[in-house]
Amino acid sequence: MAAALVWTPVQAKTPKDQLIVGMNMANLTSLDPHNMNSYESHHILANVYDTLISTDPKDPAKILPWLATSWEELPDGTIKFKLKQGAKFHSGRAVTIEDVVWSFRRAVKLGLLGAAYFTEWGYTAKNVDEKFRAEGTDTFVMDPAMPIAPKLKLYTIARAVGAVLDKETVLKNEKDGDMGRGWLASNSAGSGPFSLVRWNPNDIVLMDRFDGYWHGAAKMKRVVVRHLPESQTQRLQLEKGDLDVGIQLSSADIDGLASNPNIAIDKIPGAGYYFVIMSLKDPDFAKPEVRKAIRYCIDYDGVNKNLMQNYGLPAVSYIPKGIPGYVEGVGNEYNLDKCKAGLAAAGYPNGFKKTFLTLSSPPYAEISTAIQASLAKAGIQLDIRAGNGDQTYGPMRNRQFESGLGRSSSAVQADPDGWLRTHVYNPDNTDAAKLSNLLAWRSSWYVPEVTKLMDEAASITDEAKRAKLYAEVVKKSEEAVPSVIPVSQRVDPYAKLKRVQNYVGDATWMVRWDVVDKTD
Amino acid sequence: MAVDAPAGTARAPSPTLLPWRRLRRGAGTVGSALVTLFLLVLLTFVIGRLLPVDPVLAVVGADADNATYMKVKAELGLDKPILEQFWIFLTQLAHGNFGKTLLTGRPVVEDIGRVLPATIELATVTIVLGAGIGVPLGVFAAVNRGRLADHVVRILSLMGHSTPIFWLGMVGLIIFYAKLDWVGGSGRVELFYVDMVPNVTGLLLVDSLLAGDMDVFWSAFRHIVLPASVLAYSSIAYISRMTRSFMLEQLSQEYVVAARAKGAPRSRVIWGHAFKNIRVQVVTIVALSYGGLLEGAVLTETVFGWPGFGQYLTSALVIGDMNVVVACTLIIGCLFIGLNLLSDMLYRLLDPRTR
């Protein structure tokens, strides 16, 4: 038996000029840059399309020129990008300013997932023709539709939603005025280092090197992404050397791989939290003193040390240390005495019973059970309802729940706005408003003062002033007692063979495969 | 089952009426198949739509804003009443259009054309192994009833019935793939062979032979051996148990005793007399097993990363993608009807009494 446990499998080798990536493709629903928001889609699209600017994987706060050689932020909020000359699409056409303008207008006009980023800044299908425009043959102008700090826009369009599409190729495949939507869902028209050969949903994505890439052809001739929903299979293939990178492994398998001399594990922190959410539609949770007490009842260390080593970092407040707006001393603390005293003072010396929605997959189910045990010590009984995505998030989006566990994510990692918005921003608390993308609205947490501060902070350009305003948001939210308790900051782990060089995980999910190399 | 002429008719039908009767009988068979399929579609669709799953959320994700959510919902026609949705679906179906998958917006037919051959290939190799080993094993156990051999077969088949298939698959992978390197890992073929041979039948083993590419054939063979063996193990268990009990029933019949008393050789008694009489039943259970395999083996497909029908159908079912679910159900329905007809034909071939 012991021998069986320590054996090392026979090492096979993947070809030197192919990168083989394993992932669970269940969330890969579209390869249209303007109609997706998943972690998995970003990995593919980052390598098929180019954006005007990008961020440094080693420091997501640093914005780098890409298809734009430079950009200029005017005092009125206008941003002007200077387009690089000489870049080519996979079709052989040159990347022109017309392609850039059309791509950005398309993002808004489609009215799908990509549009949500822009509508937040006041852009609509009606005004984009006027606001997104070309100046001469090499300048793209983004006029403001309302006052918004340009930095927020820059961070957002550095991700896949800011992809520049080959207008002519897409329009050739247009059907009934859909701006190529049907076709682009599983085809590509980009200028990135790889061109999409084929995507079979829940099976495989094949990408071939684009030899005419302006930034220098990729080292790998081909990238193959395999659908490997079973973490154990990913692990086995990695150990065997049949897989170069595995990006969705279970905690147990990551631990199992950690001691393998051929494999390196990397954990990339993301902007978002595993959180506990309480609905203020529930009369008990509506009381700030109850929410305050509950924050003392959760054993954060227990969860983070025992369950989240591979999936999370300890979180105490919405803005982590190092990001502007961080306030020392504000946040969660586990203290059972304070928890019990708080509940007693609020009139619940014996606790109460609530339903608690969670996903049935790891680590959600495990965290929920730990929280259930933790709260039980204070007499609070959680009736856990574990289900799939829509059974959990559906009721939350419709405000029909009492409490639950979820995970938030943001497109803007390097700016406090990205960390705060969903958790505290709620401009209209009516059911009819249906601001179902915002956690604050889902939980009916309505503090107009905080929303006003958020609007103000997002609209100015003075960074020092913004940081102060965000710190103010944190303090005011704290006073009002939040409805969303961050438990762990999300971390996206992946494992790779050590012979794979220059594979750098990216907090914005825009992992670049063109720089990846392999040793023998 | 095919309908035969009512027994006990007073006189033989006049020869001029025969073709007419045959036609009517054929039409009756087709008609009942169509009614079955319609009811199948109706039930699947209504149950699917009544399930508390929200396909829209699966498409747009949990963080989508409401405008996107409503737009996608309207585009998918999910804001209409169920019966209207069903009517639209039926009219499309009548035009031979299975619609598009909700999740990826691709034509369902195209997807099925990709996943079904993968499953047919796996199921066929499995049933060849399952029947090829299971039937002789069952006969062997029956002949040696109560002896050691019988007990060994019984224990083996009991284990085959009760071992979780995903566990067997995982252990198989660890031993035969990771440790011994006898078989390929997950998927249908080594990744660098993907797309190497032209897609003619969709069955890689066949396509690679047609293309004369032995490297691809060998890789496909290495990849199919383990999942097919794992699946075949439970098939063998079922088929051998059933064959054994059919055989036991025959072996206790008087004609067997008579044949033995007459001094017929043992093998002739077993294969020529007893087995001959259970062929129809064996065909039935083999056909049923094959049908079950064609529905797709979800767990095996998941463990082995086999891009087959079972995985496709299950992932659609989980998110309520009814276009896919109904199309798959129809295919399964047709497969079973087809297999039934096929075994009916085999009955007639094997058993003169049914002619």
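Student: Which strands of chain A form an open sheet, and in what order do they stand?

Tutor: In this predicted model, one open sheet of chain A is built from four strands in the order E4-E5-E7-E6, and the pairing is antiparallel. Strand E4 (68-73) and strand E6 (132-135) stand at the edges with a single partner strand each, so each of them has one side left without a neighbour in the sheet. Neighbouring strands of this sheet are turned against each other by 25° on average, direction ignored.

Student: How many bridges join strand E5 to strand E7 of chain A, and which residue stands opposite Lys82(A)?

Tutor: Strand E5 (residues 79-83) and strand E7 (residues 139-142) of chain A run antiparallel and are joined by four bridges, and within this pairing Lys82(A) is set opposite Thr139(A) in E7(A). Helix H3 (residues 97-109) of chain A lies across E5, E6 and E7 of the chain, and its direction makes an angle of about 170° with E6(A).

Student: Is strand E16 of chain A buried or exposed, and how should I read its two faces?

Tutor: The general idea is that side chains in a regular strand alternate between the two faces of the sheet. In strand E16 (residues 403-407) of chain A, five of the five residues are buried, so the strand is largely enclosed by the rest of the structure. Both faces are covered, since Ser403(A), Leu405(A) and Arg407(A) on one side are buried, as are Gly404(A) and Gly406(A) on the other.

Student: In which sense does E16(A) pair with strand E12, and in which sense with strand E14?

Tutor: With strand E12 (residues 263-278) of chain A, the pairing of E16(A) is antiparallel and extends over five bridges; here Ile277(A) has Gly404(A) as its bridge partner. With strand E14 (residues 353-359) of chain A, E16(A) pairs in the parallel sense over two bridges, and Phe356(A) has Ser403(A) as its bridge partner.

Student: Which backbone geometries in chain A deserve a second look?

Tutor: As a general guide, most residues other than glycine have a negative phi, and most peptide bonds are trans. The peptide bond from Pro362(A) to Pro363(A) is cis, with omega near 0°, and Pro363(A) belongs to the loop between E14 and helix H14 (364-376) of chain A. Arg399(A), which is not a glycine, has a positive phi of about 60°; this residue is in the loop between H15 and E16 of chain A, and with 16 other C-beta atoms within 10 Å it is partly exposed. Trp509(A), also not a glycine, has a positive phi of about 75° and is found in the loop between strand E18 (500-501) and strand E19 (517-518) of chain A. Trp509(A) counts as buried, with 23 C-beta neighbours inside 10 Å.

Student: Into which domains is chain A divided, and how many residues of each are in contact?

Tutor: Chain A is divided into domain 1 (18-218 + 498-518) and domain 2 (269-492), and their centres, taken over C-alpha atoms, are separated by 32 Å. The contact brings together 16 residues of domain 1 and 15 residues of domain 2 of chain A. On the domain 1 side, strand E3 (59-65), helix H4 (115-119) and helix H6 (150-157) of chain A each supply at least two residues, and H6(A) gives the most, with five residues. By class, that side of domain 1 has twelve nonpolar, two polar and two charged residues.

Student: Where is chain B divided, and which element supplies the largest share of its domain 1 side?

Tutor: Chain B is divided into domain 1 (18-94) and domain 2 (108-354), whose C-alpha centres lie 31 Å apart. The contact takes 14 residues from domain 1 and ten residues from domain 2 of chain B. Helix H1 (18-50) and helix H2 (55-60) of chain B are the elements that give two or more residues to the domain 1 side, and the largest share, nine residues, comes from H1(B).

Student: How many residues of chain A are in contact with chain B, and of which classes are they?

Tutor: There are 47 residues of chain A in contact with 43 residues of chain B. On the chain A side, H9(A) contributes the largest share, six residues, and by class this side has 19 nonpolar, 20 polar and eight charged residues.

Student: Over which residues of chain A does pLDDT stay under 50?

Tutor: pLDDT stays under 50 over residues 1-9 of chain A, for which the model has five contacts beyond four places in sequence. For chain A as a whole, the mean pLDDT is 91, and 98% of its residues reach 70 or more.

Key: Residues numbered from 1 in each chain as written. Chains lettered and ligands numbered in written order. Predicted model: local features only at pLDDT ≥ 70, side-chain atom pairs only at ≥ 80, totals over all residues. Buried ≥ 20, exposed ≤ 12 C-beta atoms within 10 Å, placed from the backbone. Pairing = 2+ DSSP bridges. pLDDT = per-residue confidence, 0-100. Contact = placed C-beta atoms within 7 Å. Axes fitted to C-alpha atoms, helices over the stretch in contact; angles between N-to-C directions. Domains from an automatic or database assignment. Nonpolar A, V, L, I, M, F, W, Y, C, P; charged D, E, K, R; others polar.
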